[in-house]
There are 2 protein chains.
Amino acid sequence: MEKLMTETSLNIGIPKIWRVNLKNKSVSYENIPKSWERLGGRGLVAKFLVDEVVPTCEPLGPMNKLILAPGLLVGHMISSCDRISFGGKSPLTGGVKEANAGGTTGLYMTHLGIKALIIEDQSINNDWSVLFIDSNGIKLDPAEELIGLGVYDCSKKLLDKYGSKIAVALIGRSGEFQLSSAGIQNLDKENIPSRIAARGGLGAVMGSKKIKAIVIDGRIGQKPSIAHPEEFRQAQKIFTKALMEAPQTAVYRDYGTAAMSRMANGFGGLPTNNFSQGQFNNIETISGEYMRNTILERGGEGEPTHACMPGCTIRCSNNYPDRNGNSIVSPIEYETIGLMGSNLGISDLDTVAKINYIVNDLGLDSIEIGAALGVAAKAGIMDFGDGNRAMQLIDEIRSNTPLGRLLGSGATITGKVLGVEQVPAVKGQAMSAYEPRAIKGTGVTYATSPQGADHTSGLTIRAKINHLDPKGQADLSRTVQINMAGYDTLGACIFTGPGFTSAPGTIRDMLNARYDWNVSNDILQELGRTSLKWEHEFNLKAGFSKADDRLPEWMTRVPLSPNNSVFDVSEEDLDGVYNW
Amino acid sequence: MEKLMTETSLNIGIPKIWRVNLKNKSVSYENIPKSWERLGGRGLVAKFLVDEVVPTCEPLGPMNKLILAPGLLVGHMISSCDRISFGGKSPLTGGVKEANAGGTTGLYMTHLGIKALIIEDQSINNDWSVLFIDSNGIKLDPAEELIGLGVYDCSKKLLDKYGSKIAVALIGRSGEFQLSSAGIQNLDKENIPSRIAARGGLGAVMGSKKIKAIVIDGRIGQKPSIAHPEEFRQAQKIFTKALMEAPQTAVYRDYGTAAMSRMANGFGGLPTNNFSQGQFNNIETISGEYMRNTILERGGEGEPTHACMPGCTIRCSNNYPDRNGNSIVSPIEYETIGLMGSNLGISDLDTVAKINYIVNDLGLDSIEIGAALGVAAKAGIMDFGDGNRAMQLIDEIRSNTPLGRLLGSGATITGKVLGVEQVPAVKGQAMSAYEPRAIKGTGVTYATSPQGADHTSGLTIRAKINHLDPKGQADLSRTVQINMAGYDTLGACIFTGPGFTSAPGTIRDMLNARYDWNVSNDILQELGRTSLKWEHEFNLKAGFSKADDRLPEWMTRVPLSPNNSVFDVSEEDLDGVYNW
């Protein structure tokens, strides 16, 4: 057990930046720089990257840094607002990367007064460690006995060792292998490592620093102080009520994100057989309705819906059981259904659930791996619909074979190596389960988001517009991207939107009450715009240009059934997304 | 035998652009557009890409085009001036790509009046073809019986079928597999397919168009007309004499390009063990001197030097025999010795020669594959120095396994997939056998050339300067890059420089005499500058930016033995290379 420097007079009531240097084995605590004060989550990640990370550095080399930053609203169990952002230069895209997750990591960090945790450089002796954090500071514990474990076994061992009241952010084998589709998993409120900051390979960055897990002791700590508690409570109450009553969120309470299966299919926007078709013949058996019925029918451990974060009232998560009622995986998300179900031609939800569990256990991004397998199927490495073969291929990842490493490097590289033109990716990152030739506003988001193709950067499917019309999509995407960058800065889940929208002013009020600020009503957009601006700036310095703000050229040329549509939003519109 | 459209009144005495559309199976012949008239080779490739190829297209999709363009001086067997340029969007770099070769392809094209041959789109039925060209036009012959053959067997079959007076540009298995390190091979004057337009994966572009070989019948044809024959002859004579007398070329006449082994090692700039060291302990057995002595000692088919193009007086090529005097490979070049010898820790020249032969037979770029194997060795896939394992790995490429496809996709992707930071590449293309931390001017060329890392874009090792001093290297590289782009536009070999330099005015005189032009003495630089300008323009539109004009970040940080030097030419200097 190696003790790092600890500040004995550490006052966890005053939030600070905590910094670990792995080369020197040193820890430091800094007051929050002025320019970081009004930032958290994604916005803080963006500013940190611009301020501290060499844009052209090797993502898996010593110059890259990993940051953990809770959002601005995190710490008080406001419904769906306790998300933690991870950030660094992405090994997948080569650009900016923020990926966030639910669970308890963000919450416990704020309780120890950690505004941001920054992990720098690399250990010289290459030993694996667990970074343990409590109110006394940080220490590095040896992690050799955890190496080789999947996230499920690993988190059990950590819970045994450090007690059950901990938050954990950890990597699976894929992170150990430094694969570009490795994410960072976090315990949910039932202590299952199911909440993954999935996208862009930040698990590989953590692996490159030989940190298997970050453990945050939640036993001693306190909620962040609130300047005006009464005003805060009042705003929180209004928001929670609005969120509970919002009709858009009700559907997630019943069906989880899987509610989107039928909707996307209805629009002809469900990725099918490596983005070859927009509708799947066997949609019914991968629908949210089917999933809910199956969970209810099978019973046992299965819960049709539950919350991933303490205090969340939306409860979009689930626990999917087998025929005997034993959990296969918790949760199945729509993105996984789209990418590992229809995109692979797999219609058996049990199979999707099993694949999902294995992929989770390895610590992989199920979107990226689903897309990579789709590309591999197109190359003839597997047949569409062959779930056993898909599992064999994922076993190749577990065994760290060249083929496994290839698939684990994501869809773009898999396509390059296997000679497949039809790769659904932007900036090296695979698209999620919304076909951009059918949902063109989301296509604009994929094309222009500094994060690479990513639905959480600005999903437009629920807008009441003609999704096939190229006109107006750039304006729509811009609005949603700004909002989403704002929510990600607050630590608010993508699903809080309807709540905040029907309770205007509550973001402003909660921020002003908590921090004694005086921000105005457009604070969400202000946070979103500044975050996007910094992200864009970092990407430009890392080598991106307008040509990277495009969908793959084949999607502008090859029509998608059943609408026979291509992606035809003009380049002028795409280039105008950042004009605000 | 499928006949394409043929123009019956084709007058091969008037040079034209020949164009084949594989989708329509049509051929057309166009007069040379005004803006292409004063271009050839690399400059014409650059202009063609800017004019005709969508910069963001998929390099292996139907929107990419392949061009063959002889240089401006090609057609008259001026010593070392009959090179053929191939061009297209590179599947390796994603940017502009021109790769040129000696042999007879350029010569025979000019004899049929082909200023440029452009191959467009892709066949719908996916059948492989041989593109046969003679004075009557172009036809597509079925090529199924050639598929699966290496370039040596394939070219023998083509010579049997079409007769011995043909030029052939063909791809090996790697081009069939559309691997990003596949080149295009050309017959030398002994009808051996040893002259490879190696870099940037243009063989994969040819493979994506299902053209196994382009055969040019040289029986009927004529040298391109000369406006002022006497002046032409006079200038040619002066140039040839100057070239023969230039002391810098004499060394190649004795030792071939392998003369560079000792020189690079002396500067501490010989890539060793995946660019980990700048000197190789076993330099002597991979030196040009050792090679020459071995060839002389073993005799048989081996020739210490010979010419690759008819009329070349430098004769830098060779034919390396085994102990019984039978040819192992023709030729061994320094670049292969550096990348597949010292860079892999292999000191046995016979082994290097054997690997070289196999790599040639597959149609691969030996630089890119040598670099990829070095990266694989760093990842533990082979031991440095283990030639048998290297050959096994190349067999994986032949067998088209995932590992083989990975290595065949080049060093950058191999590094990404295998998790190796220490990858010697710029813009996705591997460096050649000059360590940029020791030969910093060449490092500037690697960083800033629109072609990606490439010594032929501007080699500085023979300049009489301190190669370790970062100052002045950008100016030197700029000068040499401009000259080289000029020579590549003329179709002149990299080794003609000393000849043209000591016979000033001969380029001007030959061009004016042949074409009835009135160009001035700085025509070489003018051609070079315009070519670089267009290449840069295409790359910008394809998505490159200043951040791509950098060496890998680790080379600015990790010192190289024995000089303990890092690459420290300033970013300002690098960004200034294109200020002329």
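This is a short talk on some local features of a structure with chains A and B, moving from helix packing to single residues and rings.

Before anything else, please keep in mind that what we are looking at is a predicted model, and I will speak about it with that in view.

Let me begin where helices of the two chains meet. Helix α15 of chain A, residues 411-418, packs with helix α15 of chain B, residues 411-418, at an angle of about 135°, and their axes are 11 Å apart. That angle makes α15(A) oblique to α15(B), and the crossing of these two helices is left-handed. If you would like to find the residues that make this contact, look on α15(A) for A:I413, A:K416 and A:V417, and on α15(B) for B:I413, B:K416 and B:V417. Sorted by class, the residues of this contact comprise 4 nonpolar and 2 charged ones, with no polar residue in the list. As a general point about spacing, an α-helix has 3.6 residues a turn, so residues three or four places apart point the same way.

Now let us stay inside chain A and turn to another pair of helices. Here α10(A) packs with helix α12 of chain A, residues 366-378, at an angle of about 15°, with the axes 8 Å apart. How does α10(A) run with respect to α12(A), roughly parallel or roughly antiparallel? The angle makes the two roughly parallel, and α10(A) passes α12(A) in a left-handed crossing. On the side of α10(A), the contact is made by A:E335, A:T336, A:L339 and A:M340, while α12(A) brings A:S366, A:I367, A:I369, A:G370, A:A371 and A:L373. By class, this contact of α10(A) with α12(A) has 6 nonpolar residues, 3 polar ones and 1 charged one.

A third helix of chain A is worth a pause for how it is covered. How many of the 9 residues of helix α16, residues 440-448 of chain A, are buried? The count is 9 of 9, and the helix is described as mostly covered. Among these buried residues are A:K440, A:T442, A:V444 and A:Y446, and the buried residues of α16(A) pack against β17 (425-426), α17 (473-490) and α21 (571-575) of chain A.

From helices I move to the loops, beginning with a feature of the backbone that can be found in each chain. In chain A, the peptide bond from A:S330 to A:P331 is cis, with omega near -10°, and A:P331 sits in the loop between β16 and α10 (334-341). In chain B, the peptide bond from B:S330 to B:P331 is likewise cis, with omega near -10°, and B:P331 is placed in the loop between β16 (327-329) and α10 (334-341) of that chain.

Two further loop residues, in chain B, have a positive phi although they are not glycine. One is B:K210, with phi near 60°, which lies in the loop between α5 (202-208) and β13 (211-217). With a relative accessible area of 17%, B:K210 falls under the 20% cut-off and is therefore buried. The other is B:R315, with phi near 55°, in the loop between β14 (303-306) and β15 (317-321) of chain B; at 33% relative accessibility, B:R315 counts as partly exposed.

Back in chain A, A:N326 lies in the loop between β15 (317-321) and β16 (327-329), and at 39% relative accessibility this residue counts as partly exposed. Which residues does A:N326 contact, once its neighbours within four places in sequence are left aside? The contacts are with A:E301, A:Y320 and A:P321. By way of distance, A:N326 and A:V215 are 111 residues apart in sequence and 28 Å apart in space, from C-alpha to C-alpha.

I will finish with aromatic rings, of which a search of the whole structure finds 20 pairs over all chains. In one of these, the rings of B:Y578 and B:W580 have their centres 5.5 Å apart and their planes at 50°, so the pair is tilted. Of these two residues, B:Y578 counts as buried at 16% relative accessibility, whereas B:W580, at 42%, counts as partly exposed. In chain A, finally, A:F239, A:Y487 and A:F500 form one aromatic cluster.

Key:
Residues numbered from 1 in each chain as written. Chains lettered and ligands numbered in written order. Predicted model: local features only at pLDDT ≥ 70, side-chain atom pairs only at ≥ 80, totals over all residues. Heavy atoms only, no water. Helix = DSSP H or I, 4+ residues; strand = E, 2+ residues; numbered from the N terminus. Buried < 20%, exposed > 50% of the residue type's maximum accessible area, 1.4 Å probe, protein only. Contact = heavy atoms within 4.5 Å. Phe/Tyr/Trp six-rings, centres within 6.5 Å; stacked < 30°, edge-to-face > 60°. Axes fitted to C-alpha atoms, helices over the stretch in contact; angles between N-to-C directions. Parallel < 35°, antiparallel > 145°, perpendicular 65-115°, else oblique. Left-handed = near helix turned anticlockwise from the far one by under 90°. Nonpolar A, V, L, I, M, F, W, Y, C, P; charged D, E, K, R; others polar.
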